[in-house]
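Subject: Structure for you to look at

Hello,

Here is the structure I said I would pass on. Please open it next to this email and follow along.

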Amino acid sequence: MPARGRTNQRDGVLIALVASGLVTVSLTGGWLLGQHQALKAQGSPEGSNERQIALLQARLGDGSASNADQQRLIDLLIQQGQSQEASLVLERLADQQPQNWQLRLLLAELRRTNNDRSGAERELRQILNLKPDRIEALQLLTLIQLEQGRGAEAEAQLKTLLEASSKPTPQPQKLGLGLLLGDLRQRQGKSADALALYGQLAKDFPRDPRPLLAIALLKQDQGDLAGAGQALADAQARQPEKKDPRLDRVAASWGLDSLRENKKSAKEPSPAEKKPQS
């Protein structure tokens with residue numbers, strides 16, 4: 001399979017894993033905005049949306065719009081593809097609720113969608129000034145930096161945070177930072193460095209399946225289905241008491257059913273072995 005095809009497939013699997021909660025970070029970006037856009041499929045008819053927008057804009061104009069009204073207006077504007085207008089409302093709401101970092105993150109995503117990457121970075125810096133290791137903001141910032149050819153800057157930034165989260169012992173935030181740094185390294189063509197980092201994370205967090213899932217993603221991206229299947233099996237073995245069917249669905253999406261069945265069969269004793277010795 002051509003490299004580009006493998007990358008597109010990997011992005012699709014990463015998004016699926018993020019949605020399922022199996023992997024929490026990657027450089028695909030735009031998930032918060034995607035959640036708002038997904039509302040379009042289950043929203044009101046277009047004419048009804050337009051009437052609601054007009055009503056909510058009127059409330060905003062006369063100062064009677066509540067925070068809930070403003071959030072609803074933002075959702076509707078995004079659904080209608082009016083991202084510039086949504087940005088204006090969202091900026092006002094984010095200023096009103098400085099403690100609500102998700103609003104500023106959505107504003108950053110909208111600015112990036114509107115090709116205002118410097119504006120998006122400015123919003124993200126505000127979030128990171130309050131919490132430097134806020135992984136959601138780092139994801140989008142790293143993606144923007146990568147898009148601008150600033151991959152080395154992004155890597156240095158993440159390495160500094162990763163080192164800080166490793167002292168005196170690995171802190172919980174190290175896992176998210178490490179997964180994000182590994183994803184960045186893969187996109188920079190540093191697959192060996194990414195694999196080494198995932199291996200270290202697997203040692204630092206011996207009960208968490210996510211580093212092994214990252215290894216499986218990398219090996220699948222390289223066309224190593226046997227290695228990917230082994231990594232998935234090892235990830236599953238980390239939580240034997242609560243077998244996660246989502247891991248099997250990932251294996252199935254990669255055509256690894258036979259590998260999993262073979263592995264299972266290899267572990268099961270044959271009928272002759274089960275028979276009691278006389």
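Helices here are DSSP runs of at least four residues, numbered from the N terminus. With that numbering, Q148 sits in the loop between α8 and α9. Please keep in mind that this is a predicted model.

Q148 is a reasonable place to start. Its relative accessible area is 37%, so Q148 is partly exposed. Beyond its neighbours within four places in sequence, Q148 is in contact with R117 and E121. R117 is 31 residues away along the chain, yet the C-alpha atoms of Q148 and R117 are separated by 8.8 Å. The side chain of Q148 also makes a polar contact of 2.4 Å with the side chain of R150.

Now the chain as a whole. The secondary structure consists of 16 helices and zero strands. Of the 278 residues, 44% count as buried. The accessible surface is about 14400 Å², and carbon and sulfur atoms make up 51% of that. Among contacts with a separation of 6 or more, 54% are between residues 24 or more positions apart.

The largest nonpolar core has 41 residues, and those touching the most other members are L124, L138, L140, L158, L177, Y198 and L201. Helix α8 (residues 135-147) gives this core its largest share, seven residues. Another core, of 18 residues, lies apart from it and includes A65, L73, L76 and L103.

Y198 also has contacts farther along the chain: leaving out residues up to four places away, its partners include P211, A214, I215 and L218. These four are among the buried residues of α12. In that helix, 11 of the 12 residues are buried. How far apart should the ends of α12 (residues 210-221) be? At 1.5 Å a residue its 12 residues should span 16 Å, and the end C-alpha atoms are indeed 16 Å apart. After α12 comes G223, with a positive phi near 85°.

Helix α4 (residues 67-79) can be checked in the same manner: its 13 residues reach 18 Å from first C-alpha to last, close to the 18 Å expected. Its buried residues include L73 and L76. α4 is followed by G81, whose phi is positive, near 80°.

Next, the charged pairs. The count comes to 18 salt bridges. E147 and R112 form one of them, at 2.5 Å from N to O. Because E147 lies in helix α8 and R112 in helix α6, this pair ties together parts that are 35 residues apart in sequence. E155 and K190 form a salt bridge too, with their closest N and O atoms 2.8 Å apart. Here E155 belongs to helix α9 and K190 to the loop between α10 and α11, so the pair again ties together parts that are 35 residues apart in sequence. Is E155 buried or exposed? Its relative accessible area is 10%, so E155 is buried, whereas K190, at 30%, counts as partly exposed.

R187 and D183 make a salt bridge with their closest N and O atoms 3.7 Å apart. Both lie in helix α10, four residues apart, about one turn of the helix. Why does that spacing suit a pair? An α-helix has 3.6 residues a turn, so residues three or four places apart point the same way. D183 is buried at 2% relative accessibility, while R187 is partly exposed at 31%. Finally, E91, D95, R104, R111 and E123 are linked in a network of salt bridges.

Regards

Terms used: Residues are numbered from 1 along each chain as its sequence is written. This is a predicted model: local features need pLDDT of at least 70, side-chain atom pairs count only at pLDDT 80 or more; totals for chains, interfaces and linings use all residues. Side-chain values use heavy atoms; hydrogens and water are left out. Helices (H or I, at least four residues) and strands (E, at least two) are DSSP runs, numbered from the N terminus. The expected span of a helix is 1.5 Å times one less than its number of residues. Buried means under 20% relative accessible area, exposed over 50%, partly exposed in between (1.4 Å probe, protein chains only). Contact means heavy atoms within 4.5 Å. Accessible areas come from the Shrake-Rupley method with a 1.4 Å probe; for residues, only the protein chains shown count as cover. A nonpolar core is a set of buried Ala, Val, Leu, Ile, Met, Phe, Trp, Tyr and Cys residues joined through side-chain atoms within 4.5 Å. A polar contact is a pair of N or O atoms within 3.5 Å; within protein, one must be able to donate a hydrogen and the other to accept it, and residues adjacent in sequence count only if both atoms are side-chain atoms. A salt bridge is a side-chain nitrogen of Lys or Arg within 4 Å of a carboxyl oxygen of Asp or Glu.
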